[in-house]
Amino acid sequence: MRLVLLGTGGGPRPSGTRFPSSQALVIGDRVIVVDCGNGVAKQLSSAGISPRNLSDLLLTHHHVDHSADLGYLPLISWVEGRSETIGIYGPPPTVGALESILDGYEEDLRKRTASTGRPPFRPMLDPHDIVVPGLVFEDDDVRVTAAFVDHPPFEIALGYRIDSASGSVVVSGDTAPSPNLVDLARGADVLIHEVVHPSAITKLQNGTNASTIADHIRRNHTMLADVGAIAEQAGVRTLVLSHLVPHDVDDGDWLAGLGGFSGRTVVGRDLLEVDIR
Ligand SMILES: [Zn+2]
């Protein structure tokens, strides 16, 4: 199994340096993508991974920097020649959101299907709403499990664990420090965790609604000073910092504020391949 960071930025605002946080797990010629903000198909191509091989798409929650390309990424997979099923998993309303997006694509789908003779797109997709934590699916290659994390006001936001014969990778999704996430990540090879640098809060101090936004960040996300202890508690070998807020902090400044983790830490960078073991 290979792990490639497709995007490492937090929040929906585009920047010149980071795409929205997303990651690809490549097992043989099969690709599992966790989160699909805007540009994820482009990032897959830039990483040399064919969107055609997308077998499963895991959505952590419905903030648009994680979900914008929920229809577009599978569509590109189909355009690239995929005809096998794509499993799509996420909190409600994943099934409904996908339907609505595809309704908006209907004219393209009709015309493209007619002009290419491809099998119809919609029946290829197998979407699921995840309403209980635990096993999502298991097959010969992987076992995928999910935990409920803390990202209010979402009733359900998910962290995922992907176990394969060649290692285990956990993605926190967006969350405040979460005991469920620590349990999910216990003993994993790699934990990809979201993080906010304290300078993001300092920058807000003079802006409009600054204290409201700062409160929101602290209740819904994880500050840098807490991330090392989370990784240590979970006992993971490698911590990857991703969903970085803000986008422009130097690697050294991320590492300096981390504290308390005895394993290896990697500051995420778009298109970086991370050694799982
Ligand atoms: Zn979010």
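In this predicted model, Leu 3 stands opposite Val 274 in strand 14. Two bridges join strand 1 to strand 14, and the two strands run antiparallel. They belong to an open sheet of seven strands in the order 6-5-4-3-2-1-14, with mixed pairing. Another open sheet, also of seven strands with mixed pairing, has the order 7-8-9-10-11-12-13. In total the chain holds ten helices and 14 strands.

**Overall dimensions and burial**

- The C-alpha trace spans about 55 × 45 × 35 Å along its principal axes.
- A compact globule of 277 residues would have a radius of gyration near 19 Å, so the 18 Å of this chain agrees with that expectation.
- Of the 277 residues, 53% count as buried.
- Among contacts with a separation of 6 or more, residues 24 or more positions apart account for 67%.
- About 11600 Å² of the chain is exposed, and carbon and sulfur atoms supply 51% of that area.

**The sheet with strands 1 to 6 and 14**

- Strand 6 and strand 14 (residues 273-274) are the edge strands, each pairing on one side only.
- Helix 3 packs on this sheet and touches strand 3, strand 4, strand 5 and strand 6.
- The direction of helix 3 makes about 180° with that of strand 4.
- Helix 4 (residues 94-104) lies across strand 5 and strand 6, and runs at about 140° to strand 6.

**Helix 3 and its cover**

- Helix 3 spans residues 72-79 and is mostly covered, with six of its eight residues buried.
- Those buried residues are Leu 73, Pro 74, Leu 75, Ile 76, Ser 77 and Trp 78.
- The strands that help to cover them include strand 3 (30-34), strand 4 (54-58), strand 5 (86-90) and strand 6 (125-129).
- Helices are also part of the cover, including helix 1 (40-46) and helix 5 (106-116).
- Just after helix 3, Gly 81 takes a positive phi of about 115°.

**Two buried positions: Leu 44 and Gly 7**

- Leu 44 lies in helix 1.
- The relative accessible area of Leu 44 is 0%, and Leu 44 is therefore buried, the limit being under 20%.
- Leaving aside neighbours within four places in sequence, Leu 44 is in contact with Leu 6, Ala 24, Val 31, Val 33, Ile 49, Pro 51 and Leu 73.
- One of these partners, Leu 73, is among the buried residues of helix 3.
- Leu 44 and Leu 184 are 140 residues apart in sequence and 27 Å apart in space, C-alpha to C-alpha.
- Gly 7 has its place in strand 1 (residues 2-7).
- Gly 7 also counts as buried, because its relative accessibility is 0%.
- Beyond its neighbours within four places in sequence, Gly 7 is in contact with Phe 19, Pro 20, Ser 21, Ser 22, Ser 242 and Asp 270.
- Gly 7 and Gly 187 are 180 residues apart along the chain, and their C-alpha atoms are separated by 25 Å.

**The sheet with strands 7 to 13**

- The edge strands here are strand 7 (134-138) and strand 13 (264-267), each of which pairs on one side only.
- Direction ignored, neighbouring strands of this sheet are turned by 25° against each other on average.
- Helix 9 (residues 224-234) packs on the sheet and touches strand 11 (190-196) and strand 12 (238-245).
- The direction of helix 9 makes about 165° with that of strand 11.

**Pairing at the two edges of that sheet**

- At one edge, strand 7 and strand 8 form a hairpin with three residues between them.
- Four bridges join strand 7 to strand 8 (residues 142-149), and the two run antiparallel.
- Within this pair, Leu 135 stands opposite Thr 145, while the bridge partner of Phe 137 is Val 144.
- At the other edge, four bridges join strand 12 to strand 13, and these strands run parallel.
- Leu 241 stands opposite Val 267 in strand 13.
- From strand 12 the chain crosses through helix 10 (residues 251-256) to strand 13, a β-α-β crossover that is right-handed.

Technical notes: Residues numbered from 1 in each chain as written. Predicted model: local features only at pLDDT ≥ 70, side-chain atom pairs only at ≥ 80, totals over all residues. Heavy atoms only, no water. Pairing = 2+ DSSP bridges. Axes fitted to C-alpha atoms, helices over the stretch in contact; angles between N-to-C directions. Contact = heavy atoms within 4.5 Å. Rg over C-alpha atoms; globule rule 2.2 N^0.38 Å. Buried < 20%, exposed > 50% of the residue type's maximum accessible area, 1.4 Å probe, protein only. Areas by Shrake-Rupley, 256 points an atom, 1.4 Å probe, with all protein chains shown as cover. Right-handed = clockwise from strand over helix to strand, strands pointing away.
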